[in-house]
Every structure is written in structure tokens, then in C-alpha cells.
Amino acid sequence: DETFIAQRAATTPSEEFKWIRARYILTLLVGTGLRLSEAADHTYGAITISSNDKWVLNIIGKGDKPRSIEVFEDLKAVMKEFRMAMGCHPTPLFKDTMSLIPGAKPTKQISSRRIIQIMRETFDHASKIKQQMAANCSHQDTKGMLLRDASILEKASAHWLRHAHATYFLKMSN
């Protein structure tokens, strides 16, 4: 549910960038099933683009095993938005040096620890919104579902997003 991120893309350019980046990280991890270390260690140069604009992310994963991951249209759109927010061209260039999840500059790597902090802030914010919605809800079943969603978000993690990838992939493949 992206509504909580859209609610935050607000007042200042730095605040807006913060939530564009959070949305990007969550979408990237769900859309690819990457481990944090894989996302932090790869660049946009790992993406091949076919003549029909199909993007494939080629990575070396755990145990030095190569993997090719199709980038579906929704993830591609978020990637382009994020690249533009970073001041880069929306389409990755050949051998592009921009990190998949960059730090302050496109070619600067970000630590897995910082990615976890960004995700935690985002999950906590989403949980608080669900709790506020529940507090304003008079229908008990709806209130219960909102509180349940809030409790799930409080426990969410990068590994949780990796598991969400399987559901995402099945949905997008059909």
C-alpha cells in the first residue's frame, strides 16, 4: 500500500526525496527479491535492456550464483522516477555506475544498515498511519483489520520483502 508514502511526499524537496527513496527501496526489494547485500552491492550497469525495452537485472547472488531478474513495468517506472530524483537520466546507460541503492551521490554505495534504517522509518510511519485510521474508525471489523495491518508493519523487515517477492512475481507473470 503506497498511500502512506504518497501522504508523506510533501513540503520540502528533501522530504519529498526521502519518500521517493523509501518507495523506491521497498519497490525494488519486493520487485526483485534481492537480499539487502545484493541490492547494496550492484549497480545499474547490471541491467540489460533489449530492443523492445525489456529490462533484466543480472546479479551475482549468494554463493556466487548468477541470477537474471525481469524488471516489470511498475518497478521500471519507480526506478526511472528515482533515477531522475538523483539527477540521472531515467534509463540506465550502458555500464551505468549508479548504485542500485545509492548513498548521497549516485555512484556512492549505501550500507545495508542505512537501508534497514530507511525501511524501519517507513514501516513505522505506515504502522502509525494504520493505528490513526483505526482510532478514527467506528466499524469494529475494519478497526481490527487496521490494527492487524499496523502490527504486521511493526514486525516488517527486508527479509519479509524478499518473501513478498514471490507473491508479486506470480501476480506480474500472469
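**Exercise 1. Classify arginine 35 and describe its salt-bridge partner.**

Step 1. At 26% relative accessibility, arginine 35 counts as partly exposed, a label that lies between buried (under 20% relative accessible area) and exposed (over 50%), using a 1.4 Å probe and protein chains only.

Step 2. Its side chain meets that of glutamate 38 in a salt bridge, 2.9 Å from N to O. Here a salt bridge is a side-chain nitrogen of Lys or Arg within 4 Å of a carboxyl oxygen of Asp or Glu.

Step 3. Glutamate 38 is buried, at 4% relative accessible area.

Step 4. Arg35, Glu38 and Arg67 are linked in a network of salt bridges.

A word on the model: it is predicted, so local features need pLDDT of at least 70 and side-chain atom pairs count only at pLDDT 80 or more, while totals for chains, interfaces and linings use all residues. Residues are numbered from 1 along each chain as its sequence is written, and side-chain values use heavy atoms, leaving out hydrogens and water.

**Exercise 2. Compare the burial of lysine 76 and glutamate 73.**

Step 1. Their side chains form a salt bridge, 3.0 Å from N to O.

Step 2. The two residues are three apart in helix α4, about one helical turn; helices are DSSP runs (H or I, at least four residues), numbered from the N terminus.

Step 3. Lysine 76 is buried, at 2%, whereas glutamate 73 is exposed, at 56%.

**Exercise 3. Find a salt bridge in helix α5.**

Step 1. Take arginine 120 and aspartate 124, four residues apart in α5.

Step 2. Their side chains meet at 3.1 Å, N to O.

Step 3. Arginine 120 is partly exposed at 27%, and aspartate 124 is partly exposed at 31%.
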